[in-house]
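Biologist: I am new to this structure and would love a close look at a single part of it. Could you walk me through the places where the ligands sit, in plain words?

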Amino acid sequence: MPATVIVGTQWGDEGKGRFTDLVASEVSMVVRYQGGHNAGHRIVVDGESFALQLVPSGVLYPHVTPVIGNGVVVDPRVLITEMDMLESRGVSTSGLRVSGNAHLILPYHQELDALHERHLGKNKLGTTKRGIGPAYADRAMRVGIRVQDLLDEKIFRQKLGAALEHTNKVLTRVFNRLSIDADEVADEYLGTCAPRLIPHITDAIGLVHDELDAGGRILMEGAQATFLDLDHGTYPFVTSSNPVAGGACTGAGIGPRDIDRVIGIAKAYVTRVGAGPFPTELFDDVGDHLVDVGHEYGTNTGRRRRPGWLDAVMLRYAVRVNSLSELAIAKLDVLDQLEVIRVCVAYEADGEHFDQLPYHQSVLHRVTPVYEELPGWGVDISEVTERSQLPPEADAYLRFVEQQVGVHIGMVGVGPDRQQVLRFTG
Ligand code: GDP
Ligand code: IMO
Ligand code: MG
């Protein structure tokens with residue numbers, strides 16, 4: 001059986017973790033295919049909340065094998081802390097598998113991330129400072145160290161020594177920092193981390209393909225989102241990997257023909273953390289209301305997320321670059337108290353009208369959104385369990401989005417809990 005991909009359609013934090021958890025009930029394996037612990041995916045089950053960074057959001061089901069794919073960058077210290085957190089709360093991580101081809105985040109990646117941001121000053125990207133960019137940069141420079149290198153002390157020390165020879169020059173001569181001691185890093189990674197992780201390191205390509213061959217259904221869990229994609233997002237205000245559905249192919253080692261369902265996750269409005277263009281951004285009371293009611297603060301970093309209206313131009317682009325087969329809308333309940341709800345249906349700039357994303361990004365920086373206004377519903381929908389129970393205005397809002405974007409909405413979140421979801425048939 002083929003694979004399903006879950007992909008963010010905005011700037012992250014759309015609710016990918018909660019929808020992955022939902023769909024995971026129907027699959028045998030969940031694979032994270034890119035990103036690292038810049039991700040924060042929250043799942044709420046019967047009021048109990050789990051914030052995951054590296055472990056795939058299928059981990060809560062005993063029947064699911066959670067896999068960290070080759071496209072992920074892994075800080076082993078963070079992974080071990082996360083596994084300990086899950087174990088202490090009664091969630092087994094013994095089945096977790098980590099691709100030997102995934103790259104490691106090392107302490108100097110994190111330091112370089114912070115230094116680059118400081119160097120950029122007011123032009124900083126607002127990264128999560130987790131070392132994601134520098135780790136992917138080392139991978140592209142072919143000086144990265146992979147998870148499988150933890151299996152061989154000699155190779156690990158050799159590669160670390162070579163990488164630090166260059167990196168220490170950058171740290172000391174460019175940034176005027178202290179150099180990093182290779183033995184200290186090696187002792188921590190080989191002495192403390194490797195014994196914990198070695199039982200989980202695996203040939204993830206073999207694992208995934210054996211599962212597909214055996215008729216198992218696989219769910220590929222994206223982190224970040226379409227507009228944070230290194231190729232397709234609002235560069236340079238992006239992350240350093242490919243969250244788009246195509247990234248699932250390279251980041252997990254499957255071909256496009258193995259994917260038959262791509263679920264795009266969108267919030268009923270938009271948020272963004274970090275810097276970069278945001279055409280529908282709100283700086284008023286409505287924005288504050290969305291942040292307050294939607295608890296729009298980073299799952300891990302605690303940063304306030306920038307709020308804005310839903311943007312159908314963005315969603316049309318996400319449909320294209322991910323070949324979305326359906327949308328899932330999260331947080332419809334957050335709009336409950338709004339009298340009027342706006343949806344951006346096009347942009348205008350320099351006398352030009354844009355139904356699709358302008359390809360030149362400096363245009364995106366100065367577009368004016370064209371809004372359609374829809375009436376709010378003014379009632380609490382968090383207890384609604386069937387589409388027929390939705391207030392007509394809420395149903396009309398969803399139909400309007402479908403018509404604007406051209407893709408069917410298959411699931412709608414009306415609260416954070418696993419149960420608070422409506423499933424629509426096509
Ligand atoms: P992700 O990074 O895409 O997995 O999203 P995050 O977990 O970072 O952020 C989404 C937040 O919204 C989390 O705190 C979720 O618990 C919460 N959430 C998800 N779906 C809904 C929903 O339908 N309604 C409400 N009120 N909260 C939701
Ligand atoms: P999930 O998976 C929201 C943003 C950062 C910054 C930019 C680059 O929870 O949706 P990075 O540390 O990746 O180099 O930062 O990307 N960013 C996210 N924003 N949700 C995320 O993950 C994000 N991961 C990175 O805020 O703007
Ligand atoms: Mg998140």
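Modeller: Happy to; we will start with the surroundings of ligand 1, go on to ligand 2, and end with two backbone details.

Please keep in mind that this is a predicted model. Ligand 1 sits in the second largest pocket, so named by its rank in size. That pocket has a volume of about 540 Å³, and 24 residues line it. If you want to find its centre on your screen, look for Arg42, Gly294, Arg305, Lys331 and Pro416, the lining residues that lie nearest to that point. Strand E3 gives the largest share of the lining, four residues. Helix H1 is another contributor, as H1 and E3 each supply at least two residues of this lining. Sorted by class, the lining holds seven nonpolar, eight polar and nine charged residues.

Now to the ligand itself. Ligand 1 has 20 residues around it, and the ones that come nearest are Lys16, Gly40, Arg42, Lys331 and Asp333. Two of these names, Arg42 and Lys331, you have just met among the lining residues nearest the pocket centre. The elements from the lining come back here too: helix H1, which covers residues 16-24, and strand E3, which covers 41-45, each supply at least two residues of the shell around ligand 1. By class, this shell is made up of five nonpolar, seven polar and eight charged residues.

Some contacts can be followed atom by atom, and three glycines are a good place to begin. A polar backbone atom of glycine 15 is 2.8 Å from an oxygen atom of ligand 1. For glycine 17, a polar backbone atom is likewise 2.8 Å from an oxygen atom of the ligand. At glycine 415 the ligand takes part with a nitrogen atom, which is 3.3 Å from a polar backbone atom of that residue. As for cover, ligand 1 taken alone exposes 580 Å², and the protein buries 93% of that area.

Let us move on to ligand 2. Here, too, 20 residues surround the ligand, and Lys16, His41, Thr128, Thr239 and Arg303 come nearest. You will recognise Lys16, which is also listed among the nearest residues of ligand 1. The shell around ligand 2 divides into seven nonpolar, 10 polar and three charged residues.

Again, three contacts help to place the ligand. In the side chain of histidine 41, an N or O atom is 2.7 Å from an oxygen atom of ligand 2. The backbone takes part at glutamine 224, where a polar atom is 2.8 Å from an oxygen atom of the ligand. Valine 273 also uses its backbone, with an N or O atom that lies 3.1 Å from a ligand oxygen. Taken alone, ligand 2 exposes 550 Å², of which the protein buries 97%.

Finally, here are the two backbone details. Aspartate 46 is found in the loop between E3 and strand E4, residues 48-52. Although aspartate 46 is not a glycine, its phi is positive, at about 50°. The other detail is a cis peptide bond between tyrosine 235 and proline 236, with omega at about 5°. Proline 236 lies in the loop that runs between strand E10, residues 218-221, and helix H8, residues 245-252.

Note on methods. Residues numbered from 1 in each chain as written. Chains lettered and ligands numbered in written order. Predicted model: local features only at pLDDT ≥ 70, side-chain atom pairs only at ≥ 80, totals over all residues. Heavy atoms only, no water. Near = heavy atom within 4 Å. Polar contact = N/O pair within 3.5 Å; in protein donor to acceptor, adjacent residues only side chain to side chain. Areas by Shrake-Rupley, 256 points an atom, 1.4 Å probe, with all protein chains shown as cover. 1 Å grid on protein atoms, 1.4 Å probe; cavity = no way out; pocket = protein on both sides within 12 Å on 5 of 7 lines; lining within 4 Å. Sits in = over half its atoms within 2 Å of the grid points. Nonpolar A, V, L, I, M, F, W, Y, C, P; charged D, E, K, R; others polar. Points joined across faces, edges and corners; volume = space filled by probe spheres on them.
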